[in-house]
Amino acid sequence: MAFLKIENIRISGISACVPKTIVENNDSNLFGNREELASYISSTGVERRHVASNEQCASDLCYEAAKRVIEKLNWEKSEIEILFFVSQTHDYIYPATACILQNRLGLSEDCMCMDISMGCPGWVYGLSSIASVMSASKIKKGLLLVGETVTKTRSPYDRINLISGGAGTCTALEYDEDSSPMLFDMHTDGSGAETIIIPSGGFRNMTSINSFEYNICEDGIKRTSLHTHMDGAGVFSFAISRVPKSINGIIDYFTIDKSKIDLYIFHQANHFINKKIQKKLQIEDSKMPMNLKNYGNTSSTSIPLNIVCNLKNNFDNKNCIACGFGVGLSWATVYFNTNKVIIPDIIEI
């Protein structure tokens, strides 16, 4: 069991940036009639999404989020000694996007930088990674940048487009010996790798002329092998079984008082999945914020984006459980306490 206890690190700030272009799902032509479209919007809970332009990358969104939180915290850039970038829509195959962001932000050459390729549970995985390094080495200040522009990986003929949005976030962390420990529960099931996958474009199946050809897939949707292929039924079954077990597992292992958990902040998969998880865990609506309606599923960014959207003025001295789940297959849960977290207004560019 991958349970982790990381001490002396606290979250100081969380910021988010989204593309200014908004796409209304009610305008979609991917359904045969208006009734089918309305039913899909109702079940997913997604009415509109922020979609990145062809020129916008996840790093551009994270850059703006990082600038804002550094400014609000009044940090000296020379004090930031670590930057991790989590995404599956990197700028390039190489170099690491974290290196590019270090330069754009004007950080010191003494700043440790690294990319982490993770999808929906990426914020929790990234948090465990950067917090571990900071705790072990007593690094004073660090930035966890998590960003996605997943609409660029979808077929224009795929209804998954209607739940997909883009965002970039920055979580600022500090070494603080008075902070409460962060508690983690981490899992992976690589046997489900093909449940959510882009078959081509890597080095297993390199890009060729054939990669750009559209084909009718088993689910009847027209895609190329450079587009995301997702087994919706498989994702649903995985999410509603593994997530509740992980939540209950971390509560039991660390003997957390469930009655004192103030917030459950889940990856925003879709309304139907999240409500099923909520019902299984018997969570009150007031403890489970959602932002699917206006932002959709933004993959690894959905947890911090949800915090910025819904908890800006109600996030002090809260006992929180956050859980991300999806591509990998992988899933991860974190329990943490908040203390004077700076959360600027969301940015649109």
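Helices are DSSP runs of H or I of at least four residues, numbered from the N terminus. The legends below use those numbers for a predicted model.

**Figure 1. Overview of the predicted model, with eight helices and 17 strands.** The radius of gyration is 19 Å, close to the 20 Å that the globule rule gives for 349 residues, so the protein is as compact as a globular protein of that length. Along the principal axes, the C-alpha atoms fill a box of roughly 55 × 45 × 35 Å. Of the 349 residues, 55% count as buried. Take the contacts with a separation of 6 or more: residues 24 or more positions apart account for 78% of them. The accessible surface comes to about 15,600 Å². Carbon and sulfur atoms contribute 47% of that surface. The protein carries 33 positive and 38 negative charges, and their mean positions lie 4 Å apart.

**Figure 2. Helix α5, residues 232-253.** This helix has 22 residues. At 1.5 Å a residue, α5 should span 32 Å; its end C-alpha atoms are 31 Å apart, which agrees. The buried residues of α5 begin with V235, F238, A239 and I240. V243, P244, S246 and I247 are also buried. G249, I250 and I251 complete the buried set. Just after the helix comes T255, with a positive phi of about 45 degrees.

**Figure 3. Helix α8, residues 302-310, within its surroundings.** Seven of the nine residues of α8 are buried, so the helix is largely enclosed by the rest of the structure. Those buried are S302, I303, P304, L305, N306, I307 and V308. Their packing partners include two helices, α4 (122-137) and α7 (292-295). Strands β2 (9-18), β8 (166-175), β14 (263-266) and β15 (319-326) also pack against the buried residues of α8. In the loop between α8 and β15 sits N317. N317 is a residue other than glycine, yet its phi is positive, near 55 degrees.

**Figure 4. The loop between β5 (80-86) and α3 (97-104), with Y92.** Y92 has 52% relative accessibility and counts as exposed, because the cut-off for that class is over 50%. Residues up to four places away in sequence aside, Y92 touches T97 and I100. L4 is 88 residues from Y92 in sequence. In space, the C-alpha atoms of Y92 and L4 are 32 Å apart. P95 is found in this loop between β5 and α3 too. A cis peptide bond joins Y94 and P95, with omega about 15 degrees.

**Figure 5. The cis peptide bond between G328 and L329.** Omega for this bond is about -15 degrees. L329 is placed in the loop between β15 and β16 (330-337). Proline is not a partner here: the bond joins a glycine and a leucine.

**Figure 6. Q282, in the loop between α6 (271-281) and α7.** Q282 has a positive phi, near 55 degrees, although the residue is not glycine. The relative accessible area of Q282 is 72%, so the residue is exposed.

**Figure 7. S200, in the loop between β10 (196-197) and β11 (215-216).** Is S200 buried or exposed? The relative accessible area of S200 is 14%, so the residue is buried; the cut-off for buried is under 20%. Neighbours within four places in sequence aside, S200 is in contact with N205 and S211. S225 and L226 are contacts of S200 as well.

**Figure 8. K152, in the loop between β7 (141-149) and β8.** The relative accessible area of K152 is 37%, so this residue is partly exposed. Which residues does K152 contact, leaving aside its neighbours within four places in sequence? They are A52, S53, N54, Q56 and C57. N306, one of the buried residues of α8, is 154 residues from K152 in sequence. The C-alpha atoms of K152 and N306 are 22 Å apart in space.

Terms used:
Residues numbered from 1 in each chain as written. Predicted model: local features only at pLDDT ≥ 70, side-chain atom pairs only at ≥ 80, totals over all residues. Heavy atoms only, no water. Rg over C-alpha atoms; globule rule 2.2 N^0.38 Å. Buried < 20%, exposed > 50% of the residue type's maximum accessible area, 1.4 Å probe, protein only. Contact = heavy atoms within 4.5 Å. Areas by Shrake-Rupley, 256 points an atom, 1.4 Å probe, with all protein chains shown as cover. Lys, Arg positive; Asp, Glu negative; His and termini not counted. Charge placed at Lys NZ, Arg CZ, Asp CG, Glu CD. Expected span 1.5 Å × (residues − 1).
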